[in-house]
Every structure is written in C-alpha cells, then in structure tokens.
Amino acid sequence: MSEKFLHGIILVVLGMFLSQVLTSCFYDKMYNLDDDELAWMSPYEEGDTILFRSNSEKCDSLIIDYKRINNSKSPFMQNEGFDVFNASGIYKSNLIHNHIPLRFEFQISKNGLKSLFIYIFFSDRLTELLVVPNGYVFLDDGIQRFLYKYEMSVNGVKYDDLFHIESESYSTTTFDDYPYELDDFWWSKSKGLVKYKYADTDSIKGDVYTFYKRLPYQEPKSKGFWNILFGE
C-alpha cells in the first residue's frame, strides 16, 4: 500500500470523524423568543420591590430575587442530550403577606415556532397558559379553555393587556402548603401583577390588593476615601 494512498484514507477517516463531531455539537432546531414574546419578561428586574395595597391600607411586598432569560442565538449545544434549543425566561420572587413569604414564580418557554407556554406559581396555585393569537389557552388535565385580553382600570390606571385567572375555573392547586390561599389574580403582560384576592375563610374575608408602587433596584454607591472619612 502506497504512502499516498494511506494518507488519503487517513484524511477520509479524519474528515468523517470531524463531520460527526461537528454535527453532534449543533442544535437540530432552535426556537428563540421574539421581541413580542420577550415583552412578557419586561415588567420587573432582579432586585425590584413592588408594593401592593388593600382597601384597608394593608401592604404586601413582592421582592424579585432572581431573573434570567435564556435566548441564545448560538447554534452550539449547551447541554448534552438536548438537540433542540427552547428559549426561556424566569422570575423567582416572594410575596410578603403579614410577614410570611408566599412563593411567586413566573416562567415562559418557547416550545415551537408559534408555541409560548407560561407557568405562574402563586401561593398555592399553579397556572399554565399557552399563548395563542388574540388570547391565551388555559391548560388543565388536557382540557383547554380560552382566555382573552381585556381592559380594566386599577387605581386610575388603564390596562389593556390583562388576563384574569380565577381559582375555581383556571387554577390548579400545587403541593405547597401556605397559610394564605389565593382566590384569583390579574396579570398585565407589560406591567406584571396588578391585582389579586386572597380566599375567604370561615373567619376572614379575603382582602383584595392592587398595585401601588414599584421600587426599582439601585446599585449601592461605592464608598471612596471622602465618603468613609465624612460618613456619607
């Protein structure tokens, strides 16, 4: 066997190997979030505190502990075993009610060219929505119910991108055990949570809370020599 022929075989084998390696490193399909879908993640930033007030002047605080958006355009696979990239976003936070933290988590996931799933965990509730043209579909054990955007004024502010989640019709109970149960809530695509109601009990009528104020997170100022010297 000639050296030239052997060299050719080596190149062919090497080419096949590199082709296999490179192919296995790229996603077969990528589903990214467009600008309209990214708008679902626009209401809050990590570190924000959002205040809600009831008719009885009580106050709740929603504290955004964590926010991440994974919308990479890189075709290289990030995780072994997943050959399809599904963009996603998430808020993790706690709603402080009567000094007790209640879980609040908001997630979006792009599972196809036109399929955006929304998952909302709020106190003892889990809501799953599928965004469809001009509305949303609520998913519950394979049953689909349509929800539609509508307009409503809250504390003199008009919202035109709300949907209303009712506990009896559109929410399912999670396995979390919280002392306060949620009845229903209103979510704005552009502004986030704007109104919610706690469930009535035998002794307490559930309060209704509405959005009052957002306190954006501010980076702490770095202290220089003069700040330390004069205590500023």
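## Briefing: cores, rings and a buried glutamate

Tyr44 and Trp187 are both buried. They belong to a predicted model of a protein with four helices and 16 strands. Here is a friendly tour of its aromatic pairs, its nonpolar cores, one buried glutamate and its cysteines.

**Aromatic pairs**
- The model holds 17 aromatic pairs.
- Tyr44 and Trp187 make one of them, with an edge-to-face arrangement: the centres are 6.3 Å apart and the planes meet at 85°.
- Tyr44 sits in the loop between α2 (35-38) and β2 (49-54), while Trp187 is part of strand β14 (residues 182-188), so this pair ties together parts 143 residues apart in sequence.
- Phe117 and Tyr119 form a stacked pair, because their ring centres are 6.4 Å apart and their planes lie at 15°.
- The two rings fall on either side of the 20% cut-off for burial: Phe117 counts as buried at 19% relative accessibility, whereas Tyr119 counts as partly exposed at 21%.

**Nonpolar cores**
- The largest nonpolar core has 35 residues, and the members touching the most others are Trp40, Phe106, Phe185, Trp187, Leu193 and Tyr196.
- A second, separate core has six residues, among them Met152, Val154, Trp186 and Val194.
- Beyond its neighbours within four places in sequence, Trp40 contacts a list of residues including Tyr91, Phe106, Ile108, Val131, Phe163 and Trp187.
- As background, nonpolar side chains in soluble globular proteins tend to be buried together.

**A buried glutamate**
- Glu105 lies in strand β6 (residues 100-110).
- With a relative accessible area of 9%, Glu105 is buried, because that value is under 20%.
- The side chain of Glu105 makes a polar contact of 3.3 Å with the side chain of Arg103.
- Setting aside residues up to four places away in sequence, Glu105 touches Ile90, Tyr91, Lys92, Tyr119, Ile120 and Phe121.
- Tyr119, the partly exposed ring of the stacked pair, is thus among the residues that Glu105 touches.

**Cysteines**
- Zero disulfides turn up in a search of the whole structure.
- Cys25 is partly exposed at 31% relative accessibility, and Cys59 is also partly exposed, at 45%.

**Whole-protein numbers**
- Of the protein's 232 residues, 37% count as buried.
- The accessible surface is about 14,600 Å², and 54% of that belongs to carbon and sulfur atoms.
- Taking contacts between residues at least 6 apart in sequence, 52% join residues at least 24 apart.

Technical notes:
Residues are numbered from 1 along each chain as its sequence is written. This is a predicted model: local features need pLDDT of at least 70, side-chain atom pairs count only at pLDDT 80 or more; totals for chains, interfaces and linings use all residues. Side-chain values use heavy atoms; hydrogens and water are left out. Helices (H or I, at least four residues) and strands (E, at least two) are DSSP runs, numbered from the N terminus. Buried means under 20% relative accessible area, exposed over 50%, partly exposed in between (1.4 Å probe, protein chains only). A polar contact is a pair of N or O atoms within 3.5 Å; within protein, one must be able to donate a hydrogen and the other to accept it, and residues adjacent in sequence count only if both atoms are side-chain atoms. Contact means heavy atoms within 4.5 Å. A nonpolar core is a set of buried Ala, Val, Leu, Ile, Met, Phe, Trp, Tyr and Cys residues joined through side-chain atoms within 4.5 Å. A disulfide is a pair of cysteine sulfur atoms within 2.5 Å. Accessible areas come from the Shrake-Rupley method with a 1.4 Å probe; for residues, only the protein chains shown count as cover. Rings of Phe, Tyr and Trp (its six-membered ring) pair if their centres lie within 6.5 Å; planes under 30 degrees apart count as stacked, over 60 as edge-to-face and the rest as tilted.
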